[in-house]
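Q: Could you walk me through one part of this model closely, the strand at its start and what surrounds it? I work at the bench, so please explain your terms as you go.

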Amino acid sequence: MDLLTALRTHRLVAIVRGADPDAALRSVVALVEEGVPLVEVSLSGEDALDVIAAARAALGPDALLGAGTVLTAEDAHAAHRAGAGYAVTPGLGEGVTTARELGLPVLGGVMTPTDIVTARALGVEAYKIFPAQQAGGPGYLRALRGPFPGLPFVPVGGVDADAARAYLAAGAVAVGVGSPLLGDAADGGSIAELRSRAREFLDAVRPPSPAPSR
């Protein structure tokens, strides 16, 4: 499954950033087991490349496992070597261009219309509005979709379950969620509580059922 299809299908990207590599790995595996297949391991976490490599080995070649906070060309190369299947960036730069050269699809960080035009020229697969809460929330997304009606936007930053519903209703193809979903699980906290939160978010992003025909 390509990245854009996966985003449209699953509507949720879990962002794992932890101070405990073993706990981060357990968090990745638990999320996938609970039905959250799109997982991004942020390179700003402790030993993140080792976490990606171990998660790839545990989950297999088809897992929708990505690397986040890809800032530089070396970040992109290292993430690719570790087994990341896609790259996520907070902004636009070497991380985007090198990931694309390596054949990795990119969820590229944007904030302004100028960013979006630049990201489109760079060939990103989807557009990460970051930080979405500070940018203006679902209202800002609706405003962006005026001049960019067909682009796949993924709000990230401050997205709780209620905000996830609001962003998807405003036209997002998916949402990216870090601490409201992970809590302290990737730092050694409760995996059972992480599983419970995962089920809550899966319910929040589930498409509404079609109205019954009359």
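**A close look, from one loop to the pocket**

A: Leu151 has a relative accessible area of 14%, so it is buried. Here buried means under 20% relative accessible area, exposed means over 50%, and partly exposed is what lies in between, with a 1.4 Å probe and protein chains only. Please keep in mind that this is a predicted model: local features need pLDDT of at least 70, side-chain atom pairs count only at pLDDT 80 or more, and totals for chains, interfaces and linings use all residues. Residues are numbered from 1 along each chain as its sequence is written, and side-chain values use heavy atoms, with hydrogens and water left out.

Leu151 sits in the loop between helix H8 (137–144) and strand S7 (153–155). Helices (H or I, at least four residues) and strands (E, at least two) are DSSP runs, numbered from the N terminus. From Leu151 to Gly171 there are 20 residues in sequence and 9.7 Å in space, C-alpha to C-alpha.

Now to the strand you asked about. Just ahead of it comes Arg11, in the loop between helix H1 (3–10) and S1. Arg11 is not a glycine, yet its phi is positive, about 65°. Arg11 counts as buried because its relative accessibility is 17%.

Strand S1 itself covers residues 12–16, and five of its five residues are buried. In a regular strand the side chains alternate between the two faces of the sheet. In S1, Leu12, Ala14 and Val16 are on one side, Val13 and Ile15 are on the other, and both faces are covered.

S1 has S8 and S2 as partners, where a pair needs at least two bridges found by DSSP. With S8, S1 pairs in the parallel sense over three bridges, and Ala14 stands opposite Val177. With strand S2 (residues 39–42), S1 also runs parallel, again joined by three bridges; there the bridge partner of Ile15 is Glu40. Between S1 and S2 the chain passes through helix H2 (residues 21–33), making a right-handed β-α-β crossover. Right-handed means that, with the strands pointing away from the viewer, the path from the first strand over the helix to the second runs clockwise.

Helix H2 holds Ser27, which is buried because its relative accessibility is 0%. The Ser27 side chain reaches the backbone nitrogen of Ala186 at 3.5 Å.

One step further along, S2 and S3 run parallel and are joined by four bridges, with Val39 opposite Leu65 in S3. S2, H3 and S3 form a right-handed β-α-β unit. On the way, in the loop between S2 and helix H3 (48–59), you will find Asp47. Asp47 is not a glycine either, and its phi is positive at about 50°; with 40% relative accessibility, Asp47 counts as partly exposed.

Back at S1, two of its residues help line the largest cavity: Val13 and Ile15 appear there together with Glu40, Val88, Leu107, Lys128, Val156 and Gly176. On a 1 Å grid over the protein atoms alone, a cavity is a set of points where a 1.4 Å probe fits but cannot get out, a pocket is an open set with protein on both sides within 12 Å along at least five of seven lines, and lining residues have an atom within 4 Å of a point. Searching the whole structure gives one cavity of 30 Å³ or more, and the volume of the largest cavity is about 30 Å³. Volume here is the space filled by probe spheres set on the points, which are joined across faces, edges and corners.

The largest pocket holds about 300 Å³ of space. Its lining has 19 residues, and those closest to its centre are Ile15, Arg17, Val156, Gly178 and Ser179. Strand S8 (175–177) and helix H10 (179–182) are the elements that give two or more residues to this lining, and H10 gives the largest share, three residues. So Ile15 of your strand lines the cavity and is among the residues closest to the pocket centre.

How values were computed: Polar contact = N/O pair within 3.5 Å; in protein donor to acceptor, adjacent residues only side chain to side chain.
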